[in-house]
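Q: Please take a close look at a single part of the structure shown below. Then work outward from that part to whatever surrounds it.

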Amino acid sequence: MNSFFFNPKTPNDIAHELVEKIKQRRKKLKISQAQLASKSGVSLGSIKRFESRYQISLNSFIKILIALNLEQDLENLFTQKSYNSIDEVING
């Protein structure tokens, strides 16, 4: 059996979905881009570039997540338990 996993999403698709979720969070908290820039320490230009072209440094991305109280989501990103068999799922 081929263990190659086919993902039809492009990196741009994934970036778009991620940015949209973060933008929704910002709007839910009623925070403008300028307010997020001030709160996070990331320039307003970087915030705008992130939300429109999905481009940002990792450090600035983390600052935005912290400002939006999403850092726990980042910490949990790679903590999902993996299983080697269905028996492990059932008995795990």
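A: What follows is an account of helix 1 and its surroundings.

The model is a predicted one, in which local features need pLDDT of at least 70, side-chain atom pairs count only at pLDDT 80 or more, and totals for chains, interfaces and linings use all residues. Residues are numbered from 1 along each chain as its sequence is written, and side-chain values use heavy atoms, with hydrogens and water left out.

Helix 1 covers residues 11-28. Helices here are DSSP runs (H or I, at least four residues), numbered from the N terminus, while strands would be E runs of at least two. The expected span of a helix is 1.5 Å times one less than its number of residues. For the 18 residues of helix 1 this gives 26 Å, and its end C-alpha atoms are 26 Å apart, so the two values agree.

Four residues of helix 1 are buried: Val19, Ile22, Lys23 and Arg26. Buried means under 20% relative accessible area, exposed means over 50%, and partly exposed is in between (1.4 Å probe, protein chains only). Down the axis of helix 1, these buried residues fall within an arc of 105°, so they line one face of the helix. The arc is that of the directions from the helix axis to the C-beta atoms. An α-helix has 3.6 residues a turn, so residues three or four places apart point the same way. Turned away from the buried side of helix 1 is a face that carries the exposed residues Lys21, Gln24 and Lys28.

What do the buried residues of helix 1 pack against? They pack against helix 2 (33-40), helix 3 (44-53) and helix 4, where contact means heavy atoms within 4.5 Å.

Leucine 18 is also in helix 1, but with a relative accessible area of 40% it is partly exposed. Its C-alpha atom is separated by 16 Å from that of serine 46, 28 residues apart along the chain.

Charged side chains come next. A salt bridge is a side-chain nitrogen of Lys or Arg within 4 Å of a carboxyl oxygen of Asp or Glu, and by this rule there are 3 salt bridges.

One joins glutamate 17 and lysine 9, whose closest N and O atoms are 3.0 Å apart. Both ends count as partly exposed: glutamate 17 has 33% relative accessibility, and lysine 9 has 39%.

Another is between glutamate 20 and lysine 23, at 3.4 Å from N to O. These two are 3 residues apart in helix 1, which means that about one helical turn separates them. Glutamate 20 counts as partly exposed at 25% relative accessibility, whereas lysine 23, at 17%, counts as buried.

There is also a salt bridge between the side chains of arginine 26 and glutamate 51, at 2.8 Å from N to O. Since arginine 26 lies in helix 1 and glutamate 51 in helix 3, this pair ties together parts that are 25 residues apart in sequence. Both arginine 26 and glutamate 51 are buried.

Helix 3 can be described in the same way. Its buried residues are Ser46, Ile47, Phe50 and Glu51. They cover an arc of only 125° around the axis, so they sit on the same side of helix 3. Their packing partners are helix 1, helix 2 and helix 4.

Two backbone positions follow these helices. Lysine 30 comes just after helix 1 and takes a positive phi of about 55°, in a residue other than glycine. The residue is found in the loop between helix 1 and helix 2, and its 72% relative accessibility makes lysine 30 count as exposed. After helix 3 comes tyrosine 54, with a positive phi near 65°. Tyrosine 54 lies in the loop between helix 3 and helix 4 and, with a relative accessible area of 24%, is partly exposed.

The last item concerns helix 4, one of the elements packed against the buried residues of helix 1. Leu58, Ile62, Ile66, Leu74, Leu77 and Phe78 make a nonpolar surface patch of about 620 Å². Helix 4 (residues 58-67) supplies the largest share of this patch, 3 residues. Leucine 58 lies in helix 4 and, at 62% relative accessibility, counts as exposed. Patches are made of residues with over 30% relative accessible area and no salt bridge, like charges being joined within 9 Å and nonpolar side chains (Val, Leu, Ile, Met, Phe, Trp, Tyr) within 5 Å. Accessible areas come from the Shrake-Rupley method with a 1.4 Å probe, and for residues only the protein chains shown count as cover.
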